[in-house]
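This report looks at selected local features of one protein model. The sequence and coordinates are shown first.

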Amino acid sequence: MTWIPWNTQLRELAKQCQYLKALTLYRQMLRCGSTPNAFSFPFALKSSASLYLPSSGQQLHCQVIKSGCSPEPFVLTSLISMYCKFNSLVNARKVFDENPISNQLTVCYNALISGYALNSRVFDVIALFCRMREMGVSVNSVTMLGLVPVLSEPGYISLGMSFHCCCVKLGLNLDFSVANCLLTMYVKSGAIESGRNLFDEMPKKDLITWNAMISGYAQNGLAADVLELYKKMEAAGVCPDAVTLVGVLSSCAHLGAISVGREVEQRIESRELDFNPFLNNALINMYARCGNLVKARAVFDGMPVKSVVSWTAIIGGYGMHGYGEIAVELFDEMIKSGIRPDGAAFVSVLCACSHAGLTEKGLDYLAEMKSKHRVQPGPEHYSCVVDLLGRAGRLNEALELIKSMQVKPDGAVWGALLGACKIHRNVEMAELAFERVIEFEPTNIGYYVLLSNVYSEAENLEGVLKVRVMMRERKLKKDPGFSYLEYKRRVHLFLAGDRSHPQKEEIYRMVDKLESLAKKLDGCEENEERRNKDVLVGMGVHSEKLAIAFGLLNSEAGTEIVVVKNLRVCEDCHIFLKGVSKIVDRQLVVRDATRFHHFKDGICSCKDYW
């Protein structure tokens, strides 16, 4: 058999990713006495690299040298790429430097740049690119496709912009794949506005373009922008895929936009994508966070194969709604089914225990993490347990737990203790927790507000003033409270004291009516007085009251009103909503920054434990 059919077979096997068969055929070729050449080695080297066989790759390199094929461009490129895939960048660089021809070949530079980028060697990538330019070697789209992704970290955005300018000068930005790559770089690095500008300037947009922008918005928490862009994508006639729909569902979950989520589910079913585990997990999360646990459970139960992510999603859903006992049952069932819990699963079940007041169960899970399941507790787990102990009033135990942690406590851990101090009005411990937490998060306004509230409830006006001075010196402003709900596929947003809504007159009349009725009920007499104080200090009517009033005006008796709030529901609004739920024939559901509150007949699902 001559070398031509051998090479043809090698090429076909490598092309079909049958790498083991390709290497077997290569050995058979050698046993038959055929001599490999410059057309044989690239396929054999690629197969060795893909199977991660360093010893096989080194033997092939020796044969390349013996055969005199080292100067061949495609052999050189294959050798460099192979060593890069073996994470042997020193050898890759040796191959590049020891062959003078490498300095003149774009493909060799591209191979090494891609290798450095694959191993996150940012400065090596840039140095090699600069050398490439100095040597007068032409830069092409492959160069940029290898180089740009490594600049996606936020700290490298200025460099990324410089390379974007370089692409424009060289005309490479007109290459569709390069433009998509630049867009992905911007959104991954958090430069969303720059990414959107590039997106809008692109004359042609394919599915990858839309997905990059939608995923970028979703990953940066800009859920409303995701839904706006998704509508434009549909209007442009671009058919979404699973990647698109996962991003849209996560945004529906964030906003509580359940009607859009339902439409996405219908699209998933019509395109027979309901077997996709990523989409099913996203659906579970969406329905749970939009307040429909029944539907979330139905999606979960209908999954033929459930991963730890699926279990974590449904456990977290029940936990958010205050059904800690069910969350614990599901967690134990997951373990019995043979699925090993990971760190995220433990976070979900520990949060569920915290929201339901299952203190001892939560402590048992923390003890079992390492001893029974070989999962090292991290700060995120300790913050859940500190919150768990703190809500139960066991502040000293929470502080001792922090002191005994095997990992360094972070801001979330100390923040959980600070939140517990606010609940139980422990000023001394609150001051300690605050000192620690601002070491990690000095600009997190929420912690300053928490400490101020602790001082306020203790009638420590000097302390309140001290916090305000700190905030002023550090130029910090309290985040405005806002609430929103979905009505006729549109999200209606309300700020505290908001008077911008078209139905503002009816909304405020409804609020006044509800206030008058609710204040007659037990526990609600203080609401009117506190509301007047809020108006005097410029806070106005809290946003959740406005959203609930809007929902009552635009819904029928017996329906459910779901409101999403960016901050934790305050005590006064919680009392108000319990009172209102006695008056109106609706179930009121409020999702605040930490959990769900289901109000019905004067009772909240959280049992006043939030």
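The text below covers one helix, a set of salt bridges, a surface patch and a chain end of another helix.

The model is predicted, and local features are described where pLDDT is at least 70.

**Helix 13**

Helix 13 runs over residues 207-219 and has 13 residues. At 1.5 Å a residue it should span 18 Å, and its end C-alpha atoms are 18 Å apart, so the expected and computed spans agree. The expected span is 1.5 Å times one less than the number of residues.

At the start of helix 13, a side-chain oxygen of D206 comes to within 3.2 Å of the backbone nitrogen of I208. After the helix comes G221, which has a positive phi near 75 degrees.

The buried residues of helix 13 are T209, W210, N211, A212, M213, I214, S215, G216 and Y217. What do these buried residues pack against? Their partners are helix 11 (176-188), helix 12 (192-201), helix 14 (223-235) and helix 15 (242-255).

**Salt bridges**

Side chains of opposite charge can pair when their charged atoms come close. A search of the whole structure gives 20 salt bridges. Three of them are listed here, with the N to O distance for each pair.

| Pair | N to O distance |
|---|---|
| R11 and E12 | 3.7 Å |
| E234 and R267 | 2.8 Å |
| E400 and K403 | 3.8 Å |

The salt bridge between E234 and R267 links distant parts of the chain: E234 belongs to helix 14 and R267 to helix 16 (residues 258-270), 33 residues apart. E234 has a relative accessible area of 33% and is therefore partly exposed. R267, at 23% relative accessibility, also counts as partly exposed, since the partly exposed class lies between under 20% (buried) and over 50% (exposed).

E400 and K403 sit in helix 24 (residues 395-404), 3 residues apart, which is about one turn of the helix. Are these two side chains exposed or partly exposed? E400 has 47% relative accessibility and so counts as partly exposed. K403 has 59% and so counts as exposed, because the cut-off for exposed is over 50%.

In the pair R11 and E12, the side chains meet in a salt bridge. R11 is partly exposed at 40% relative accessibility, and E12 is partly exposed at 30%.

Salt bridges also join R196, D200, E228 and K232 into a network.

**A nonpolar surface patch**

Which residues make the nonpolar surface patch of about 240 Å²? The patch is made by L20, L51 and L53. L53 is located in the loop between helix 3 (41-50) and helix 4 (54-67). Its relative accessible area is 31%, so L53 is partly exposed. This value also meets the patch criterion, because patches take residues with over 30% relative accessible area.

**L553 in helix 31**

L553 is part of helix 31, which covers residues 543-553. With 33% relative accessibility, L553 counts as partly exposed. Leaving aside residues up to four places away in sequence, L553 touches Q503, E506, I507 and M510. For one of these, E506, the separation from L553 is 47 residues in sequence and 7.9 Å in space, C-alpha to C-alpha.

Definitions and conventions
Residues numbered from 1 in each chain as written. Predicted model: local features only at pLDDT ≥ 70, side-chain atom pairs only at ≥ 80, totals over all residues. Heavy atoms only, no water. Helix = DSSP H or I, 4+ residues; strand = E, 2+ residues; numbered from the N terminus. Buried < 20%, exposed > 50% of the residue type's maximum accessible area, 1.4 Å probe, protein only. Contact = heavy atoms within 4.5 Å. Polar contact = N/O pair within 3.5 Å; in protein donor to acceptor, adjacent residues only side chain to side chain. Patch = residues over 30% accessible without salt bridge, like charges linked within 9 Å, V, L, I, M, F, W, Y side chains within 5 Å. Areas by Shrake-Rupley, 256 points an atom, 1.4 Å probe, with all protein chains shown as cover. Salt bridge = Lys/Arg side-chain N within 4 Å of Asp/Glu carboxyl O.
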